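Biologist: Before I rely on any description of this model, I should like to hear the reasoning behind each term. Please set each value against its criterion.

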Amino acid sequence: MSAARVGVVTFPGTLDDQDAARAVRHAGGEAVPLWHADPDLKGVDAVFLPGGFSYGDYLRCGAISRFAPLMEELIPAARAGLPVLGTCNGFQILCEAHLLPGALMRNAGLHYVCRDQGIRVETTATPWTSDFTEGQEIVLPIKHGEGRYVADPATLAAIEAGGQVVFRYTGGNPNGSLNDIAGIRNEAGNIVGLMPHPEHAVEDLTGAPSTDGRAFFTSILKKLVNA
Amino acid sequence: MARVIVDVMLKPEILDAQGQAIARALPRLGFSGVSAVRQGKRFEVELDGPADEAALSDVRKMAETLLANTVIEDYTVTIEE
């Protein structure tokens, strides 16, 4: 049987695509490079939107990327159920594309924050978190200047009630995010966005604070193999 | 030729961390009597033709689609005299 194929998107200014592709391979999947200007998903089974500063964060983080030719294909595919994970800038792009509710704003403290962050897994009911246990406390690196999750009160209440909060910061909120939200999913559950970086926490060798990131990739590969 | 201004501001209920930092800096610089500052963006859109209703409708569409994120921001469109 051939390995599950996970697309990794590169925009101009993307930083973490190589780490993401490596993490996919590390978990036993095939990483398929996808190019922002090429409206072709190459038949992948899932998509990883990595972090960075796509289009220089001009206008707003993710605002320009959201209109990239590749996104014209990705947005309807994601709405139709394609599993998509966005980390950091990828999360910002998913919010700008209205695939996830709310928005990400400048950190409350205004400083860029780069540290190892405690995170609690609030739900395993997504294709990207099934290998965790509910309530599991993990540690992942964060590195962002615009990670404060905001949504209007009605939206916030709806995502809390609907179990759409996937990750919450523990041991201190690094950016002023509402309800300590670190990551959310869409209603259907196939699209997940988070500010922390699982792709930087898959190998001890790199000095990562943990290898907790591995479970994101083993989750999706199990899901795809069993699909 | 006409110039249309699109002003984009955070919705009032959204915390403007940058505006607050500016407001806090002002007294240190000797400016008193400022109770709050909110920071926004101004876009100057140069049109090929006149700022008629069709053109303004297009500019509003631009604002809605790209210039503002209406999840967190409001915008106003005005014609520069």
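Biologist: Among the contacts in chain A with a separation of 6 or more, what share comes from residues 24 or more positions apart?

Modeller: This is a predicted model. In chain A, 72% of the contacts with a separation of 6 or more join residues that lie 24 or more positions apart. As to secondary structure, chain A has 5 helices and 11 strands.

Biologist: How do you know that the radius of gyration of chain A agrees with that of a compact globule?

Modeller: A compact globule of 227 residues would have a radius of gyration near 17 Å, and chain A has 16 Å; the two therefore agree. Along the principal axes, the C-alpha atoms of chain A fill a box of roughly 45 × 35 × 35 Å. Buried residues account for 58% of the 227 residues in this chain.

Biologist: Why is Ser210(A) called buried?

Modeller: The relative accessible area of Ser210(A) is 12%. The term buried applies under 20%, so Ser210(A) is buried.

Biologist: Where does Ser210(A) lie, and which residues does Ser210(A) contact beyond its neighbours within four places in sequence?

Modeller: Ser210(A) belongs to the loop between strand 11 (191-194) and helix 5 (214-226) of chain A. Leaving aside neighbours within four places in sequence, its contacts are Val139(A), Ala201(A) and Val202(A). With Val139(A), the side chain of Ser210(A) reaches the backbone oxygen at 2.6 Å.

Biologist: Turning to the interface, what makes the pair Arg60(A) and Glu73(B) a salt bridge?

Modeller: The side chains of Arg60(A) and Glu73(B) meet at 3.7 Å, N to O. The criterion asks for a side-chain nitrogen of Lys or Arg within 4 Å of a carboxyl oxygen of Asp or Glu, so the pair qualifies as a salt bridge. Across the interface of chain A and chain B, the rule finds 1 salt bridge. Residue pairs in polar contact between the two chains, both at pLDDT 80 or more, number 5.

Biologist: Which elements give two or more residues to the side of chain A that touches chain B, and how do the residues of that side divide?

Modeller: The elements are strand 5 (103-105) and strand 8 (148-150) of chain A. The residues of that side comprise 8 nonpolar, 3 polar and 4 charged.

Biologist: How many residues does each chain bring to the contact, and what area is buried between chain A and chain B?

Modeller: Chain A brings 15 residues and chain B brings 16 residues. The buried area is about 1,300 Å², and carbon and sulfur atoms give 69% of that area.

Methods:
Residues are numbered from 1 along each chain as its sequence is written. Chains are lettered from A and ligands numbered from 1 in the order in which they are written. This is a predicted model: local features need pLDDT of at least 70, side-chain atom pairs count only at pLDDT 80 or more; totals for chains, interfaces and linings use all residues. Side-chain values use heavy atoms; hydrogens and water are left out. Contact means heavy atoms within 4.5 Å. Buried area is the accessible area (1.4 Å probe) that two parts lose on being put together, summed over both. A polar contact is a pair of N or O atoms within 3.5 Å; within protein, one must be able to donate a hydrogen and the other to accept it, and residues adjacent in sequence count only if both atoms are side-chain atoms. Helices (H or I, at least four residues) and strands (E, at least two) are DSSP runs, numbered from the N terminus. Ala, Val, Leu, Ile, Met, Phe, Trp, Tyr, Cys and Pro count as nonpolar, Asp, Glu, Lys and Arg as charged, and the others, Gly among them, as polar. The radius of gyration is taken over C-alpha atoms; the globule rule is 2.2 Å times the number of residues to the power 0.38. Buried means under 20% relative accessible area, exposed over 50%, partly exposed in between (1.4 Å probe, protein chains only).
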